[in-house]
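Please open the structure in your viewer and keep the selection tool at hand. We will go from stop to stop together, choosing something to select each time.

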Amino acid sequence: MGGDANRNMPVSKDYPQLAAGPVGKQIHSIYQSRLRQFTDGGQYREQGLLPKLTDARANGSDWVKLSVYSPPDLSRPTFKDATSHKFKPTKVGESFGPSWSTHWFKVQLTVPKDMCDKEHLEFVWDANNEGMIWTEKGDVVHGLTGGGERTEWILPKAFRDGKEHLFYVEMACNGMFGNAAGGDSIQPPDPNRYFQLHTADIVAVNLEARALYFDFWEIGDASREFPGDSWEAHQAQQTANRIMDTFIAGNGSNKTIAECRKIAREYLGDVDTHKVYDSDKEAIVTGIGYCHIDTCWLWPFAETKRKVARSWSNQCDLIDRYPELRFCCSQAQQYKWLEQYYPSTFDRVKKKVKEGTFQPIGGSWVEHDTNLPSGESLIRQFVYGQRYFESRFGQRCRTFWLPDTFGYSTQLPQICRLAGMTRFLTQKLSWNNINNFPHTTFNWVALDNSQVICHMPPSETYTAEADFGDVKRSVSQHKSLDQDHSSLLVFGKGDGGGGPTWQHLEKLRRCRGISDKTGLLPRLKLGDSADDFFDRLEKKVENGTELVTWYGELYFELHRGTYTTQANNKRNNRKAEILLRDIEYLATLATIKDSFGKKSSYKYPKKDIDDMWENVLLCQFHDCLPGSSIEMCYDDSDEIYAKVFTTGEQLLCDALSELGFDDEPKAGSKLTALNTLPWARSELVKLPAIASLPTYGLAHSNGPGVMEVRPLASPYSANIASIKEVRPNVYELRNAQYVVEVSDGAITSLYDISAEREIIPKGKKAAQIVVFDDKPLYWQAWDVEVYHLASREELQPSKVSISEDGPHRVSLSIETKISEKSWIKTVISLPAVIGNAPSAIEIEAEVEWHETMKFLKVEFPVDITNTEASYETQFGIVRRPTHYNTTWDMAKFEVCCHKWADLSEATYGVSILNDSKYGFAVAGNVMRLSVLRAPKAPDAHADMGRHNVRYAIFPHKGPLDEKTVRKAFEFNNPLRIVGHKSDTATSARQLPILPSQPLENQVGNSSARGCIESILNVNVPSILTSLRILGAPNLILDTVKRGEDDEDVSRGELPAKKGKSVICRVYDAMGGKSKGVLTWGGLKVKSVWKVNALEDEIEELSSQMLDVEGREEGVSGQGVRIELRAFEVATYRLGL
Ligand SMILES: [Zn+2]
């Protein structure tokens, strides 16, 4: 510009010539700290905003008349029962208890005349515990959580008539997080807590003052949390100070409050309705309401049922008031409880589901643990979950939702895909205490290469309080911004239930307002579902966005004690899974055995099987099976499992009977051993204690099904086992495969005779019992920390003696004192070798355990070198480092295994099998099975008492292969000796005879001869031998069951299908693409379909059917060619 132009510029006339006085730069920290005064609850309370929130208040017996009925014995009566009792007068100030008790209050409420025309009336109830408001007629209206969490219920307009109105409050004497004493919620519950009812008021709310409270809160947060070098932070601070100045100048009058809100709007925009979300600017954070209700944890299952009703009735109410709210909720079991116990609330939920505002999610029965349940259990979580959602709401879930579980099995992506789900939400890995998980949104890839889109909300919580910081962190902690910057914000009170509150929604409206006004806060939207969020992600991937991949397990670097804590519960889980497998297999055979010719009234016991499964799935909840709940939960789960086992034994007995067996063989029974595994076995079996029988028999078959049992009265030298004390306190156990030397109660030498290989390193001791000090940083039942390894202590035996010295099995008993109160007795046994079947060194341990914060393990140092060990997981193998090279490697100092763990070289290896354990570690060449822990919180008595556990050392020539997989199955599925009612069988085949061992040579005495005669010519139904896989020993036929919707099986929840079908689930256990033949022998199969886990058809294979005659010894009939990817889980439906 030139000088002329400058000369012509007008000069402001209003800008004062003279300074009016000094104006200082605001000292940032002082003007920031001042903001606290406005909503202060302390010395400035009466001068600030808080007293303005309430216009009027009424309480006392004139307005709120209270009477109470306290049911006896900590019972939780129904509404009908409770309200039929006499209520006695009570008042505010009284205390109610003890912990877990229930108290029903009759509330007779009269709104004072001068409050009737107030704009907004609430009933406020607070006794620092939980409560539920019921109508006079018995409908749930609203849940309450004391301690200020959720204490108000908006009074219906009809109550403003000056007349008395009646309703009930059902008080539960527990807080949102149970009843821990003191301030530490994971400490065991105090059985004697009492709760004072301190508020039962009618309150008139000043809604404009309340709105200003939230305006000020969010603007204050913006001033604190926006970067100090942003204008947005400075403007927020100025706005907040102006609001305070205005309020002071106007003495906090209603008019002033309105002026303050006007100032707030400069920063927030108009945030008084859900229309704040209507702007068409792109939002990158999707807020979704959620209520995490731990199905049991610091409270028992029975309380959860009420938590569900309390929480979800509130959500229905909140959705009506805040139309932008979308609420999602998982766990079919909780819906089922609501349906059973609170039908009118369930109807309310159902209506909202139909509208799309209440959204079932997750697809599983409960939010289960994924480390410990078997593969089949993981599948059934979805089968039972998805079928429930489909039957009640007409829709399946598309997103697996599991925010709070302690690590994620490597096969989950595959199982999700098989259950109709392509995406997965979690966030627990943000708790890792060693390494920071590097992704927010990524493709998670299973062992078989199946993938799902995984999202971990960057706000790193599933119980967000919907604060400014949560929204801000949705970008600042987002780790996948290179690929996609969108994210989910999962908000709502949780763990103990609750869900979103109106406060959360008020805050979020303001956050959105701030985003639109300033642009600095990530823009949030409500009104979409989690599914909508994932749909958008999926679309992006379809259109070329390449998400980062993560292969294999999502190992959680915390809570490693949960593989071991509450041993009894874990043992019950394993046993129940095995029992269910047998029941479904045998009951299936019993319902398809047309060839028997006889008419039978036997029906597939679908209801009982469903009940058993639902119970087992329930106990797999992520605080139950992992062992992180209070003692009451384990009292409950013990009862649940006892019921499962009682029903299960009966079902097994019924199925066996239908197949022509006596479950309890009597003297004179024709004995057989029942092999429910789909391959041939040769084993020594313990015979029932019947006078005429020897202790052991030899069971052998060429395939699955019924096995011949022979006496072993005078065996060959080849299958003798022997034991002797070779030197003082040094014993030698020997069979045809191994020489085992036990010194001082530990195995100091294990020599493989044919491999000419010593397995125990020189000077080392296997099967050595060790104990560690076990004090994690905080979470006792959950965690074991790496430093515990330094406290290793070897236990020395007090007595070693030969306890069994027969030709077929030898045993050494070892008694070891752990402390004054605890001991362990182990029995190391070596069986005779049967043919060339590989044998194992078996150990049975009985433990009396009364320790405090100790960890009991058993060690197996082996002369094997490998930087990786293998662990059985669901439907496959996880390989993990045996070294501590990096922090990621070291973090896996304690890991989860199922039936076996293995350390192998190319030419030789050792597997450790177990019958009920899940914790393991391999460090260098030391394999360590975790046996028992002794945490004192949240269950003060966790694992105290008697335990029984079996484990085995299974050395093998060559690398890890299917021999280990099969041996571990066999170790967990002992043969069942049953009597046979041969005359009931019409179609039969004769039992095979062992060709290598002529029968007459084995006959040693007359009783044995009698036994042999009894087993000869036993006719068994051929159906027991029919289902198996040929040509691929790595393919495991894991589950055999009837089709869920077969017309003779269906319970009608979903449409029945014509005809009978058999479902066969097969997986590759070793990790190799394989071809095999699934055969059904002589069964008349009309069609074969490959189906998914929900039994939807994928591909017809009927044209692949073929004759299998002569493919393996004793095989005839038909089958179908199958081909599986490495570690694939494949399900086939045989149509009969
Ligand atoms: Zn949880």
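The tour below starts with confidence, then visits a metal site, some helices and a few loops.

**Stop 1: Colour by confidence**

This is a predicted model, so begin by colouring the chain by pLDDT. The chain has a mean pLDDT of 93, and 94% of its residues reach 70 or more. Now select residues 714–718, where pLDDT stays under 50. For this stretch the model has ten contacts beyond four places in sequence. Next select residues 983–1018, where pLDDT again stays under 50; here the model has 63 contacts beyond four places in sequence. Where pLDDT is low, the predicted coordinates should not be read in detail.

**Stop 2: The zinc ion**

Which residues coordinate the zinc ion? Select His292, Asp294, Asp404 and His622 and show their side chains. The two histidines each bind through NE2, and the two aspartates through OD, at 1.9 to 2.1 Å. Along the sequence, the donors follow the spacing H-x1-D-x109-D-x217-H. If your viewer can display angles, try them on the four donor atoms: they run from 88 to 161 degrees, and the site is irregular. A tetrahedral site would need all its angles between 85 and 135 degrees, so the 161-degree end of the range rules that label out. Before leaving, look at histidine 292 and aspartate 294, both of which are buried.

**Stop 3: Helix α6**

Select residues 254–268, which form helix α6. Does the length fit what one would expect, and what span should its 15 residues have? At 1.5 Å a residue they should span 21 Å, and the C-alpha atoms at the two ends are 20 Å apart, which agrees.

Now colour the buried residues of α6: Thr256, Ile257, Cys260, Arg261, Ile263, Ala264, Tyr267 and Leu268. Because they cover an arc of only 160 degrees around the axis, they sit on the same side of α6. An α-helix has 3.6 residues a turn, so residues three or four places apart point the same way. Add Lys255 and Lys262 in another colour; these two are exposed, on the other side of α6.

What do the buried residues of α6 pack against? Show α4 (207–225), α5 (231–249) and α13 (502–518) to see their partners. Just after the helix comes glycine 269, with a positive phi near 80 degrees.

**Stop 4: Arginine 261**

Stay in helix α6 and pick out arginine 261. Is this arginine buried or exposed? Its relative accessibility is 2%, so arginine 261 counts as buried. Show what surrounds arginine 261: leaving aside neighbours within four places in sequence, the contacts are Glu208, Ala211, Leu212, Asp215, Val271, Asp272 and Arg510. Leucine 212 is 49 residues away along the chain, yet its C-alpha atom is 5.9 Å from that of arginine 261.

**Stop 5: Helix α12**

Select residues 468–476 for helix α12, and colour its buried residues Phe468, Gly469, Asp470, Val471 and Ser474. Among the elements that cover them are α4, β13 (285–290), β20 (487–491), α13 and β21 (524–525). You have already met α4 and α13 as packing partners of α6.

**Stop 6: Isoleucine 592**

Move to helix α15 (residues 567–592) and select isoleucine 592. With 4% relative accessibility, isoleucine 592 counts as buried. Beyond its neighbours within four places in sequence, isoleucine 592 is in contact with Ile1023, Arg1042, Val1062, Leu1083 and Leu1136. Leucine 1083 lies 491 residues away along the chain, while the two C-alpha atoms are separated by 8.4 Å.

**Stop 7: Backbone details in loops**

Where are the cis peptide bonds of this stop? One runs from glycine 97 to proline 98, with omega near 0 degrees; proline 98 is in the loop between β4 (95–96) and β5 (102–110). Another joins alanine 937 to proline 938, with omega near 5 degrees, and proline 938 is in the loop between β46 (926–933) and β47 (945–957).

Finish with two residues that have a positive phi without being glycine. Aspartate 73 has a phi near 60 degrees and is in the loop between β2 (64–69) and α3 (79–83). Alanine 767 has a phi of about 60 degrees and is in the loop between β32 (757–758) and β33 (768–773). Aspartate 73 is exposed, at 74% relative accessible area, whereas alanine 767, at 8%, counts as buried.

Terms used
Residues numbered from 1 in each chain as written. Heavy atoms only, no water. Donors = N, O, S within 2.8 Å, 3.2 Å for Na, K, Ca; no water. Tetrahedral: all angles 85-135°; square planar, octahedral: opposite > 155°, others 65-115°. Buried < 20%, exposed > 50% of the residue type's maximum accessible area, 1.4 Å probe, protein only. Helix = DSSP H or I, 4+ residues; strand = E, 2+ residues; numbered from the N terminus. Expected span 1.5 Å × (residues − 1). Arc of directions from axis to C-beta. Contact = heavy atoms within 4.5 Å. pLDDT = per-residue confidence, 0-100.
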